[in-house]
Amino acid sequence: MIKVKALGNMPEVYSVEEIVNVEYVTKNLYPGITVYGEQIFFDEDNVEYRQWAHNKSKLASGLLNGLRLPNLTKGAHVLYLGAANGTTVSHVSDIVGEDGLIFAVEFSSRTMRDLYNLARIRKNIIPILADARYPEEYADIVHAVDLVYCDVAQPNQSEILIKNSKAFLKEDGMAFIAMKTRSISQKGRAKDIFDREVKKIEESGFTTKKIVNISKIHREHYIFTGKLKS
Ligand SMILES: C[S@@+](CC[C@H](N)C(=O)[O-])C[C@H]1O[C@@H](n2cnc3c(N)ncnc32)[C@H](O)[C@@H]1O
C-alpha cells in the first residue's frame, strides 16, 4: 500500500511517500498490465499505480530536477518524436488519459513492433513509423498538439524539434527536448554544446521556459523547454 501526492502543476503525476528509490508513479490507465517490468503499487482505495523510473525515462528525471510541464495533462495531445519501445510514452499515455492522444513517431521498424503491441492495448497511442526529420511525411495523420516531445539522440535533434514544432505546435503549446549532447559533438564540454543548441533554437523563434541538467542520471543530457513566439 502506498501514499501518493499529486505534483503541483502536473496533477496526473504522483510523488510517493515512504518508499526508497520510487519517486514518481502514474495511475495505470490499463490496470493489471505492465509495460517494461515496472513495479505496481496500490493506494488505500485499491487504485493501481505504475512506478515511473527516472533512470529509464528522461522526463521522470527532469521532474525529479524541478521540471514541470503543465501542458502535459488529462486530454492533452502530444507529438512524441523518438518513441522507442514506449517506456516514457506509456507514462505519457497514463497522464493524458482516455481523452488524450499521443502521436508516437519512431523510425526503427524493429522497435516499432513493440510500440504497435503497446498501442493495441493503449488506445490513446497512435504509432507512426516515420523519420522525424521529415514531418511532411506524417502531416496528414498528425494535427495540432499541446506538446512536442523530442528524444531522438541525433546530431540534428534541435532542427527536428524546430521543424516539428513549427508544423504542429498549438499557439500556446510547449516544445520539449531531451538533448544528448554527445550525439551533436564529441568535442568540448557538454554544457557548451547544449548552450549553442539553445541559442540556435531561440534564434529560430522560441522563448526558453526551462533548462534542466539531468546529467547525474542520464550522462551529458540536458532538457530544454520553450514556446514559439507569437
Ligand atoms: C533515446 S531513444 C528514445 C527513448 C524514449 N524516448 C523513452 O524515453 O522511452 C531514441 C529513439 O529515437 C529514435 N530515432 C532516432 N532518430 C529518429 C528519427 N529521425 N526519426 C524517428 N525516430 C528516430 C531511435 O530509433 C530511438 O528509438
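Which residue in strand 2 is the bridge partner of Val-4? Select Val-4 and look across to strand 2, where the partner is Val-16. What is open in the viewer is a predicted model, in which local features need pLDDT of at least 70 and side-chain atom pairs count only at pLDDT 80 or more, while totals for chains, interfaces and linings use all residues. Residues are numbered from 1 along each chain as its sequence is written.

**First stop: the hairpin**

Select residues 3-7 and 10-17, which are strand 1 and strand 2, paired in the antiparallel sense over five bridges; strands (E, at least two residues) and helices (H or I, at least four) are DSSP runs numbered from the N terminus, and two strands pair if DSSP finds at least two bridges between them. Leu-7 has Met-10 as its bridge partner in strand 2. Strand 1 and strand 2 form a hairpin with two residues between them, and Asn-9 in the turn has a positive phi of about 75 degrees.

**Second stop: the five-stranded sheet**

Extend the selection to the open sheet of five strands, whose order is 1-2-3-5-4 and whose pairing is antiparallel. Strand 1 and strand 4 (40-42) are the edge strands, each pairing on one side only. Neighbouring strands of this sheet are turned by 40 degrees against each other on average, direction ignored; axes are lines fitted to C-alpha atoms, for helices over the stretch in contact, and angles run from 0 to 180 degrees between N-to-C directions. Now add helix 2, which lies across strand 2, strand 3 (24-27) and strand 5 (48-52), running at about 55 degrees to strand 3.

**Third stop: the ligand**

Select the ligand and the 18 residues that surround it, of which the closest are Gly-82, Thr-87, Thr-88, Phe-107 and Ala-132; a residue is counted as near if its C-beta atom, placed from the backbone, lies within 6 Å of the molecule. Helix 2 (87-96) and strand 7 (101-106) each supply at least two residues of this shell.

**Fourth stop: the seven-stranded sheet**

From strand 7, move to the open sheet of seven strands, which has the order 8-7-6-9-10-12-11 and mixed pairing. Strand 8 (125-129) and strand 11 (206-213) stand at the edges with a single partner strand each, so one side of each is left without a neighbour in the sheet. On average, and with direction ignored, neighbouring strands of this sheet are turned by 15 degrees against each other. Within the sheet, select residues 145-150 and 169-180, strand 9 and strand 10, which run parallel and are joined by five bridges; Val-145 has Leu-169 as its bridge partner in strand 10.

**Last stop: two packed helices**

Finally, select residues 157-168 and 190-203, helix 4 and helix 6, which pack at an angle of about 25 degrees with their axes 10 Å apart. The two helices are therefore roughly parallel to each other, a term that covers angles under 35 degrees.

Key:
Angles under 35 degrees count as roughly parallel, over 145 as roughly antiparallel, 65 to 115 as roughly perpendicular and the rest as oblique. Two residues are in contact if their C-beta atoms, placed from the backbone, lie within 7 Å.
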